[in-house]
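Hi,

Here is the structure I said I would pass on. Have a look at it first, and then read my notes underneath.

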Amino acid sequence: MDSPMSRATESVVALARTVTPEQFDRSTPCPEWTVKDLINHLTLWSGVVAVRTANRLPAPGDGSEDEAVDRSATWPDGFIDGARAAARAWDAPGGLDGETAMMGDPRPARFFHDMLLAELVLHGWDLATATGHEFTVDDDVAELARASTAAMAEQGREWGVFGAEVAVPEDAPVLHRALAISGRDPR
């Protein structure tokens, strides 16, 4: 399908194929995270959790969704398979209808879709930046990421997952505006 989630996924999949274990110790734009930490996070959230959330399955109580679980041994295939499965689930008829839950109370499926799309785009850029690659997404995908990031920016800063907004020109590319809202400097 040609949905924004599918296109965002394929942008990060193309990048994932270029990241090697020799790059795992590099620092990233995410404070205190190495590339290995970032790929573990991407594999968990853009794959495992996104698939479960899109399919309206309950969170497991077995620790399998623990952020500390090392998923790097399956990189990039584990990420690619999970992220593509999540995109297919979101793209399925009715995939954005109704409610689903990620870890707490149910919310509209569209809310989680948009949040996970923003997460994928922002961390795709983080991964590209850390490994010396360019990261591009279509402007409509970047706009969805920007809007979702803007909607959750205040809460993200309260939780310490976003930094202070970075100033960018009003005519900056939409991806740069999404990054800036999250506290990332696109320059």
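Below is what turned up when I went through it, starting with the core and ending with a few backbone oddities.

One thing to keep in mind: this is a predicted model.

**The core**

The largest nonpolar core holds 52 residues. If you want to find its busiest spots, look for Trp75, Phe79, Trp90, Val121, Leu127 and Phe135, which have the most contacts inside it. Six helices each put at least two residues into this core: helix 1 (4-16), helix 2 (35-54), helix 3 (77-91), helix 4 (109-131), helix 5 (139-158) and helix 6 (174-181). Helix 4 gives the most, with 13 residues. As a bit of background, nonpolar side chains tend to be buried together in soluble globular proteins.

**Helix 1 and the Val12-Phe79 pair**

Helix 1 is a good place to start clicking around. It has 13 residues and spans 18 Å from its first C-alpha to its last, close to the 18 Å expected at 1.5 Å a residue. Its buried residues are Met5, Ser6, Arg7, Ala8, Thr9, Val12, Val13, Leu15 and Ala16. These buried residues pack against helix 3, helix 4 and helix 5.

Val12 sits in helix 1. It counts as buried because its relative accessibility is 1%, and the cut-off for buried is under 20%. Setting aside neighbours within four places in sequence, Val12 is in contact with Phe79, Leu120, Gly124 and Phe135. Val12 and Phe79 are 67 residues apart in sequence, yet their C-alpha atoms are 9.6 Å apart in space.

Now look from the other side of that pair. With neighbours within four places again left out, Phe79 is in contact with Val12, Val13, Ala16, Leu42, Thr43, Ser46 and Leu120.

**One cavity and a pocket**

How many cavities of 30 Å³ or more does a search of the whole structure find? Just 1, with about 50 Å³ of space in it. The residues lining this cavity are Met5, Thr9, Ser46, Ala50, Ala83, Ala86, Trp90, Leu116 and Leu120. Helix 1, helix 2, helix 3 and helix 4 each supply at least two residues of that lining, and helix 3 gives the most, with 3 residues. By class, the cavity lining has 7 nonpolar residues, 2 polar and no charged.

The largest pocket has a volume of about 890 Å³. It is lined by 32 residues, and those nearest its centre are His41, Glu119, Trp159, Val161 and Phe162. Helix 2, helix 4 and helix 5 are the elements that give two or more residues to the pocket lining. Helix 4 gives the most here, with 8 residues. The pocket lining divides into 17 nonpolar, 9 polar and 6 charged residues.

**Backbone oddities**

Three spots in the loops are worth zooming in on.

- Trp75 and Pro76 are joined by a cis peptide bond, with omega about 0 degrees. Pro76 is in the loop between helix 2 and helix 3.
- Glu32 has a positive phi of about 70 degrees, although it is not a glycine. Glu32 lies in the loop between helix 1 and helix 2, and it is exposed, with a relative accessible area of 81%.
- Arg56 is another residue other than glycine with a positive phi, near 60 degrees. Arg56 is found in the loop between helix 2 and helix 3, and it is partly exposed at 30% relative accessible area.

Cheers

Note on methods. Residues are numbered from 1 along each chain as its sequence is written. This is a predicted model: local features need pLDDT of at least 70, side-chain atom pairs count only at pLDDT 80 or more; totals for chains, interfaces and linings use all residues. Side-chain values use heavy atoms; hydrogens and water are left out. A nonpolar core is a set of buried Ala, Val, Leu, Ile, Met, Phe, Trp, Tyr and Cys residues joined through side-chain atoms within 4.5 Å. Buried means under 20% relative accessible area, exposed over 50%, partly exposed in between (1.4 Å probe, protein chains only). Helices (H or I, at least four residues) and strands (E, at least two) are DSSP runs, numbered from the N terminus. Contact means heavy atoms within 4.5 Å. The expected span of a helix is 1.5 Å times one less than its number of residues. On a 1 Å grid over the protein atoms alone, a cavity is a set of points where a 1.4 Å probe fits but cannot get out, and a pocket is an open set with protein on both sides within 12 Å along at least five of seven lines; lining residues have an atom within 4 Å of a point. Grid points are joined across faces, edges and corners, and a volume is the space filled by probe spheres set on the points. Ala, Val, Leu, Ile, Met, Phe, Trp, Tyr, Cys and Pro count as nonpolar, Asp, Glu, Lys and Arg as charged, and the others, Gly among them, as polar.
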